[in-house]
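Here's a quick briefing to read alongside the model. Grab the viewer and follow along, topic by topic.

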Amino acid sequence: MGEVNSVAKNPLKVAVAGLGTVGAETVKVLQKQANLMAARYGRTIKVVAVSARSRRDRGFAMEGIDWYDDPVQMAASADVDVVCELIGGSDGVAKAVVEAALAAGRHVVTANKALLAHHGVALAKTAESKGLTLGFEAAVAGGIPIIKALREGLAGNTISRVYGIMNGTCNYILTTMRESGRDFADVLADAQRLGYAEADPSFDVDGVDTAHKLSLLTSLAFGTQVNFDSIHIEGIRHVSATDIAFAEELGYRIKLLGIARKTASGGIEQRVHPCMVRKDEPVATVEGVFNSVVVEGDSVGRSVSIGRGAGAGPTASAVVADLIDIVASRQTPTFGIPADLLEPLPVWSMDQHVGAYYIRLMVEDHPGVFADIAAALRDSNVSMEAVIQRGRSPDEVVPVVLTLHETEEVRLNDALARISAIAAVVEPPRVIRIETL
Ligand SMILES: NC(=O)c1ccc[n+]([C@@H]2O[C@H](COP(=O)([O-])OP(=O)(O)OC[C@H]3O[C@@H](n4cnc5c(N)ncnc54)[C@H](O)[C@@H]3O)[C@@H](O)[C@H]2O)c1
Ligand SMILES: N[C@@H](CCO)C(=O)O
Ligand code: NA
C-alpha cells in the first residue's frame with residue numbers, strides 16, 4: 001500500500017460539472033475505485049471540484065472537493081487536468097463548459113451526445129489542435145464500449161454498416177408495452193423515474209437521442225464529418241399495442257433502430273425509425289434498458305455488443321473508462337482520424353430507400369374495400385406479400401394488415417396516398433419498415 005499512497009500524491013485531478021444521475025455516480029465510482037486505479041495505472045483519479053444547480057448531499061464525501069456555483073468558471077479556473085461535462089444540452093452552459101475547459105488546456109470527458117452531434121467536429125478540432133482528449137464513451141450506448149471498439153478494436157476494417165438499439169428509454173417502453181400491455185405514458189414515467197430519460201423525454205421517444213448517437217457512430221465508422229441534419233428520424237409514439245401484437249403474430253419484434261450504411265453508389269444512408277426485425281435476430285432479443293450495437297466490417301464480419309444503455313452505473317462506467325485512457329496517457333483522435341481529415345458525408349435521401357413494409361389500416365368492413373386497397377397497390381406498382389384481416393360485422397371498423405415485398409419508398413408513399421383517399425379507410429395508415437438484418 002506504500003506505493004499506492006505515494007502515487008496518490010500525484011492524482012489526475014478532475015472537475016465534474018453536473019451532479020445528476022450521471023455526475024453523482026461518476027464521483028462515487030471514482031471514490032470507490034481509488035485504490036484500484038492507483039494499483040493499475042500508477043495514479044489515482046481524484047475529483048477535486050464540482051458544480052451543480054443545488055448544493056445538497058448526493059451520497060458522496062465532499063472532503064477535499066471544492067464547490068463552484070458556476071460550472072463555466074470552474075472549467076476555466078479550477079486547478080484540474082480534466083473537466084467532465086455531465087450537464088447536458090446541445091448549447092448553453094454545457095457548450096460553454098466544454099469550450100472554457102479546452103481553452104484553459106484541460107482534457108474533456110462528456111456524456112453529451114446532443115452537444116457532439118451538433119458541434120462535435122469543431123470541438124474535436126479545438127481539442128486536437130491543443131493535444132487534448134475529448135472523450136465521449138458515455139454518450140453512445142451507455143456502458144457498451146462502442147466508441148473505443150470503433151476507434152481502436154475494429155480500426156482495421158472497412159465498415160459497411162453500423163446499426164443498433166441506442167435508446168434505453170425506447171427499448172424499455174417497447175419491451176414493457178409488449179410484456180405487460182401497459183400504456184405508453186405510464187411506462188415512460190417509469191423510465192424517467194429510473195433515470196434513463198433525457199431532461200426532455202421527447203428526445204428519447206421521438207428518435208432524436210438515437211439520431212444524436214447514430215451521427216457519432218457514423219463519423220467513427222466511415223471517417224466522415226458528423227452530419228446530424230441529414231438523418232431521417234421517426235420515433236415510437238405511433239407504435240400501438242395493436243401493432244406490437246401483429247408483429248408478434250408475424251414473427252417480428254418492434255425495435256427503434258439507428259442504422260448507418262454505405263450504399264452501392266457511395267452515399268451514406270442514416271436513418272432512425274421503428275423497425276420490425278425477425279425474432280431470431282440478435283437485436284430482437286435485446287430487451288428493457290439494454291442497448292445493442294452491431295458493426296459489419298470486411299475482416300471481422302458481424303460484431304454484436306450488448307449492454308445497459310442508460311442509468312447511473314452503466315453511464316458512469318463509461319465516463320470513468322475515458323478518464324482511465326487519460327490517466328494511462330492513451331490518446332487517439334476524437335473520431336478515429338484527425339478531425340481535419342474527416343470527409344463531408346455523402347448524403348443519401350430516404351426516397352431512394354428500398355425495403356419491405358408493414359402497413360396497418362383501420363377500415364370499415366364492407367364489400368369491395370379490399371378490392372380498392374389492392375387496386376391502389378397495383379396502380380403504384382407495389383407488390384403485396386401477405387394480408388391479415390380481422391372482424392366480420394358489417395360496417396364495423398377493423399384492422400387490415402398488409403406486408404409488402406421490397407419496394408422503393410417513393411412508390412410506397414404513392415400507394416399510401418391512394419389508400420388514404422379510399423373513403424372506407426378511416427385512419428391514416430400506420431407504416432413500420434420491415435428490416436432485413
Ligand atoms: N441518465 C442517463 O442514463 C444518461 C446516459 C448517457 C448519457 N447521459 C447524458 O449525460 C448528461 C447528464 O444527464 P443526467 O441524466 O445525469 O442529467 P440530470 O438532469 O440528472 O443531471 C444534470 C445535472 O446538471 C446540473 N445542471 C444543470 N444546469 C446547470 C447549470 N446551469 N449549472 C450547473 N449545473 C447545472 C443539474 O443540477 C444536475 O446536477 C446529459 O448529457 C445526458 O444526455 C445520460
Ligand atoms: N436517454 C438516454 C440515456 C442514454 O444515453 C436513453 O434512454 O438511452
Ligand atoms: Na458507450
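A word on naming to start: helices (H or I, at least four residues) and strands (E, at least two) are DSSP runs, numbered from the N terminus. With that in hand, keep in mind that this is a predicted model. The chain splits into domain 1 (2–110), domain 2 (146–308 + 342–348) and domain 3 (354–434).

**Ligand 1**
- Helix H2 is the top contributor to the shell around ligand 1, chipping in three residues.
- There are 25 residues around ligand 1, and the ones that come nearest are Gly18, Gly20, Arg53, Gly88 and Ala310.
- Domain 1 and domain 2 each supply at least three residues to the shell around ligand 1.
- By type, that shell breaks down into 12 nonpolar, 11 polar and two charged residues.

**Ligand 2**
- Around ligand 2 you'll find Gly142, Asn167, Gly168, Thr169, Tyr196, Ala197, Glu198, Asp204, Asp209, Gly309 and Ala310.
- Sorted by type, the shell around ligand 2 has three nonpolar, five polar and three charged residues.
- Ala310 turns up in the surroundings of ligand 2, and Ala310 is also one of the residues that come nearest to ligand 1.

**H2 against H13**
- H2 (residues 21–32) packs on helix H13 (residues 312–327) at an angle of about 65 degrees, and the axes sit 8 Å apart.
- The crossing of H2 past H13 is right-handed.
- On the H2 side, the contact is made by Thr21, Val22, Glu25, Thr26, Val29 and Leu30; their partners in H13 are Ala312, Gly313, Thr315, Ala316, Val319 and Val320.
- The make-up of this contact is seven nonpolar, four polar and one charged residue.

**Domain 2 meets domain 3**
- The centres of domain 2 and domain 3, taken over C-alpha atoms, are 27 Å apart.
- Across the boundary, 10 residues of domain 2 touch 10 residues of domain 3.
- On the domain 2 side, helix H12 (241–250) and strand E10 (268–278) are the elements that give two or more residues.
- That side of domain 2 consists of six nonpolar, three polar and one charged residue.

**Two loop glycines**
- Gly251 is in the loop between H12 and E9, and it counts as exposed because 11 other C-beta atoms lie within 10 Å.
- Leaving out residues up to four places away in sequence, Gly251 touches Arg278 and Lys279. Gly251 and Lys279 are 28 residues apart along the chain, yet their C-alpha atoms are separated by 5.9 Å.
- Gly267 is in the loop between strand E9 (252–262) and E10. With 16 C-beta neighbours inside 10 Å, Gly267 is classed as partly exposed.
- Beyond its neighbours within four places in sequence, Gly267 is in contact with Pro346, Val347 and Trp348. Val347 is 80 residues from Gly267 in sequence but 5.8 Å away in space, C-alpha to C-alpha.

**Positive phi outside glycine**
- Ala141 has a phi near 55 degrees, a positive value in a residue other than glycine. Ala141 sits in the loop between strand E6 (134–135) and helix H7 (146–153), and it is buried because 32 other C-beta atoms lie within 10 Å.
- Asn381 also has a positive phi, near 60 degrees. Asn381 belongs to the loop between helix H14 (369–379) and strand E14 (384–389), and with 11 C-beta neighbours inside 10 Å it counts as exposed.

Conventions. Residues are numbered from 1 along each chain as its sequence is written. Chains are lettered from A and ligands numbered from 1 in the order in which they are written. This is a predicted model: local features need pLDDT of at least 70, side-chain atom pairs count only at pLDDT 80 or more; totals for chains, interfaces and linings use all residues. A residue is near a molecule or strand if its C-beta atom, placed from the backbone, lies within 6 Å of it. Ala, Val, Leu, Ile, Met, Phe, Trp, Tyr, Cys and Pro count as nonpolar, Asp, Glu, Lys and Arg as charged, and the others, Gly among them, as polar. Axes are lines fitted to C-alpha atoms, for helices over the stretch in contact, and angles run from 0 to 180 degrees between N-to-C directions. A crossing is left-handed if the near helix is turned anticlockwise from the far one by less than a right angle, and right-handed if clockwise. Two residues are in contact if their C-beta atoms, placed from the backbone, lie within 7 Å. Domain bounds come from an automatic or database domain assignment. A residue is buried if 20 or more other C-beta atoms lie within 10 Å of its own, exposed if 12 or fewer, and partly exposed in between; C-beta atoms are placed from the backbone.
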